[in-house]
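Student: Please take a close look at one part of this structure, the backbone at a single loop position. Then set it beside whatever else in the structure bears describing in those terms.

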Amino acid sequence: MTSNAMLEVNNLVVSIADTRILNGLNLKVNKGEIHAIMGPNGSGKSTLSNVIAGKPGYIVEEGEIIYQGENILEYEPDVRARKGIFLAFQYPVELPGVRTWQFLKTSVDAIRKENGQDELKVREFDKIFEEKRKLVEMAPDLIKRSVNEGFSGGEKKRNEILQLSLLNPKLALLDETDSGLDIDALRIVSEGVNEFKNSDNAILIVTHYQRILNYINPDYVHVLVDGEIVKSGDSTLALELEEKGYEWVK
Amino acid sequence: MTSQDNVISRKTKIEDKKYKWGFDFNIESDVAPRGLNEDTVRFISAKKNEPDWMLEWRLRAFNLWLQQGEEAAPKWAEISFEDINYQDIIYYAAPKSKNDAPESLDDVDPELIESFNKLGIPLAEQKKLTGVAIDAVLDSVSVATTYKDKLEEAGVIFCPISEAVQKHPDLIKKYLGSVVPYSDNFYATLNSAVFSDGSFVYVPPGVRCPIELMTYFRINEVDTGQFERTLIIADEGSYVSYLEGCTAPMRKTHQLHAAVVELVALKDAEIKYSTLQNWYPGDKDGNGGVYNFVTKRGAARGENSKISWTQVETGSAITWKYPSVILQGDNSVGEFYSVALVNNYQQADTGTKMIHIGKNTKSTIIAKGISAGKAQNTYRGQVSIMPNADNARNFTQCDSLLIGDECGAHTVPYIEVKNPTAQMGHEATTSKVNDDQLFYLQQRGIDLEEANYMVINGFCRGIFKELPFEFAMEASQLLRVSLEGTVG
């Protein structure tokens with residue numbers, strides 16, 4: 001009997017330098033579920049998604065992160081990524097001189113290799129890429145440009161969703177994906193996420209605002225304050241928060 | 001000058017580079033007695049069966065070198081090394097079976113061909129298919145030149161310089177030393193006295209050389225110096241693209257390489273010169289490695305002429321070279337594109353000189369320096385605008401990338417403007433490989449070493465795209481090998 005759990009975060013205590021950010025956080029996400037983590041600035045939302053992805057610089061003092069039945073804390077970020085964890089960055093970095101084509105092909109092939117698949121032929125890759133590009137309405141010259149270099153904020157976020165769609169991970173962490181997006185970009189990004197969603201994967205949305213949840217309907221909403229989840233509920237909790245503000249849960 | 005420093009928190013691990021070119025050729029050679037005196041010069045000249053005027057030119061250079069003494073060696077560069085014992089070097093070594101120059105590839109020792117194949121320099125058929133003509137220089141002697149027929153058809157002369165001395169004395173007399181005189185500097189003087197071989201190219205008026213020309217240099221003998229001399233002349237309205245590659249086996253002692261390259265572009269002519277320099281860099285503790293003291297200069301002599309240098313320097317314990325352009329002709333153009341990568345204890349002091357003499361002359365300098373380990377990397381560049389060079393323009397960009405915190409990068413620009421109409425632009429940046437970039441790539445499933453390579457390859461992309469396609473692929477590969485073990 002296989003477990004239905006995608007992610008279990010147990011009593012996670014995390015510091016950066018000498019400051020404690022997460023303070024014994026617990027969270028369980030099952031396959032097929034969308035969870036939203038909401039919280040005020042500085043509550044530890046982004047830290048949670050970064051630590052799950054394995055970003056260097058954080059000190060995990062206690063607790064464990066179980067992903068598909070395995071504690072992943074000792075794994076390098078690239079190993080976690082190849083196992084199916086994807087982070088859509090709040091601030092996607094620019095990679096001058098690194099062609100988008102080269103970057104995405106290398107990435108797709110690294111993940112395919114992990115799953116025992118052959119590298120994609122150039123033509124196959126180009127075909128899949130073209131589909132995904134249209135999905136997020138990026139310009140055709142994207143493939144030739146340096147990764148994220150000179151992209152607008154909205155283009156960078158759409159590029160993240162393009163990668164989500166191309167790499168088809170098991171667990172998607174969306175870190176403030178809605179911040180800085182206009183209404184059209186928000187629609188495009190949300191459609192991409194909804195298209196990705198199926199009963200075998202799971203999504204964790206980290207957000208300050210309720211706005212994106214009008215487009216992507218979460219099964220659960222958790223409120224994070226001072227590194228702890230202080231309240232959990234269904235999607236109506238997000239609306240209630242929007243109305244009453246974070247002071248209400250503190 | 002802008003400068004951005006991104007903090008790096010990763011440990012730097014310095015490991016010995018895997019120098020995969022470090023095998024010996026097993027070929028007996030015909031060597032000169034160790035040391036340098038007048039007899040050595042006469043020995044080399046006699047080996048080459050040279051005419052008197054050539055020997056006399058060599059002897060003039062040798063006498064100057066002797067008079068000046070070793071104190072004349074330039075000391076302004078940001079490099080330090082043990083004194084070179086010029087009497088402990090072997091100045092001439094030829095593969096024994098090649099006493100008589102081969103008439104065609106069929107005459108070349110199969111073992112030699114196999115050795116070059118190991119280096120990834122297929123002299124034979126496969127390379128012909130790709131349309132690159134190769135001259136291979138092993139130690140002191142040019143061993144094979146491919147593709148002669150096709151070049152002869154176009155009227156292009158591409159041969160060992162020793163052969164050109166015999167067959168094209170008028171061209172040699174007219175142009176040899178016309179850009180880099182034998183009195184130019186200590187190493188150029190030494191080279192003029194003892195140069196062994198190298199390539200000669202002449203492209204006649206109006207001819208666009210139909211294929212890329214290429215020379216592969218290899219130092220093989222222990223304690224051998226290599227002193228090649230290359231001369232390229234593009235006559236009016238002609239075009240040529242020339243590539244050179246260099247490797248050397250791993251040796252515990254240092255080897256000296258002091259080459260001279262002269263380019264002459266006449267009216268409306270263009271020369272594109274590309275280098276992949278991968279001499280043995282020494283081990284991780286700084287033992288061994290090639291001392292690379294090279295004088296490269298081009299004269300854009302005619303109106304509308306153009307000379308473009310592209311170099312990728314990853315090898316050598318010490319690199320001292322400044323491929324330069326003298327922009328004599330009105331509207332002439334000079335370009336310098338460079339990637340210099342140093343690791344472990346390597347030292348590079350490299351850059352260019354752009355001397356604007358003609359009107360409306362234009363030069364572009366883009367230099368990328370990458371430093372890792374305990375290595376030191378200096379960009380040294382001079383731009384001079386002479387009084388008659390109306391409306392001269394120069395743009396210079398120097399970018400330095402540091403890996404780890406024990407290496408150094410230095411930028412030393414000299415700018416001299418004697419005409420008020422000049423337009424000068426200079427930009428310089430220094431950065432470290434950014435942790436956020438590496439994490440972004442890793443988060444997409446790419447391992448740290450590959451991520452590091454991708455970021456640095458991206459940093460060099462603007463230079464690599466100046467190389468002919470095949471060479472660009474090779475440059476990327478060279479970069480990958482040179483970067484192994486720099487991040488962990």
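**Backbone and packing**

Tutor: Gln68(A) counts as partly exposed because it has 17 C-beta neighbours inside 10 Å; 20 or more other C-beta atoms within 10 Å would make a residue buried and 12 or fewer exposed, with partly exposed in between and C-beta atoms placed from the backbone. The model is predicted, so local features need pLDDT of at least 70 and side-chain atom pairs pLDDT 80 or more, while totals for chains, interfaces and linings use all residues. Residues are numbered from 1 along each chain as its sequence is written, and chains are lettered from A and ligands numbered from 1 in the order in which they are written.

Gln68(A) lies in the loop between strand 4 (59-67) and strand 5 (70-71) of chain A; strands (E, at least two residues) and helices (H or I, at least four) are DSSP runs numbered from the N terminus. Its phi is positive, about 50 degrees, although Gln68(A) is not a glycine. Most residues other than glycine have a negative phi.

Two further positions have a positive phi. Asn391(B), also not a glycine, has a phi near 55 degrees and sits in the loop between strand 20 (376-385) and strand 21 (393-402) of chain B. With 16 other C-beta atoms within 10 Å, Asn391(B) is partly exposed. In chain A, Glu137(A) follows helix 4 and has a positive phi near 55 degrees. The 14 residues of helix 4 (residues 122-135) of chain A should span 20 Å, and the end C-alpha atoms are 20 Å apart, which agrees; the expected span is 1.5 Å times one less than the number of residues.

Next, the contact between chains. In chain A, 22 residues are in contact with 19 residues of chain B, contact meaning C-beta atoms, placed from the backbone, within 7 Å. On the side of chain A that touches chain B, two or more residues each come from helix 2 (77-82), strand 7 (95-99) and helix 3 (100-114) of chain A.

Within chain B, helix 2 (residues 52-68) and helix 8 (residues 186-194) pack at about 140 degrees, with axes 7 Å apart; axes are lines fitted to C-alpha atoms over the stretch in contact, and angles run from 0 to 180 degrees between N-to-C directions. The contact includes Arg58(B) and Trp65(B) of helix 2 of chain B, and Phe186(B) and Leu190(B) of helix 8 of chain B.

How values were computed
Contact = placed C-beta atoms within 7 Å.
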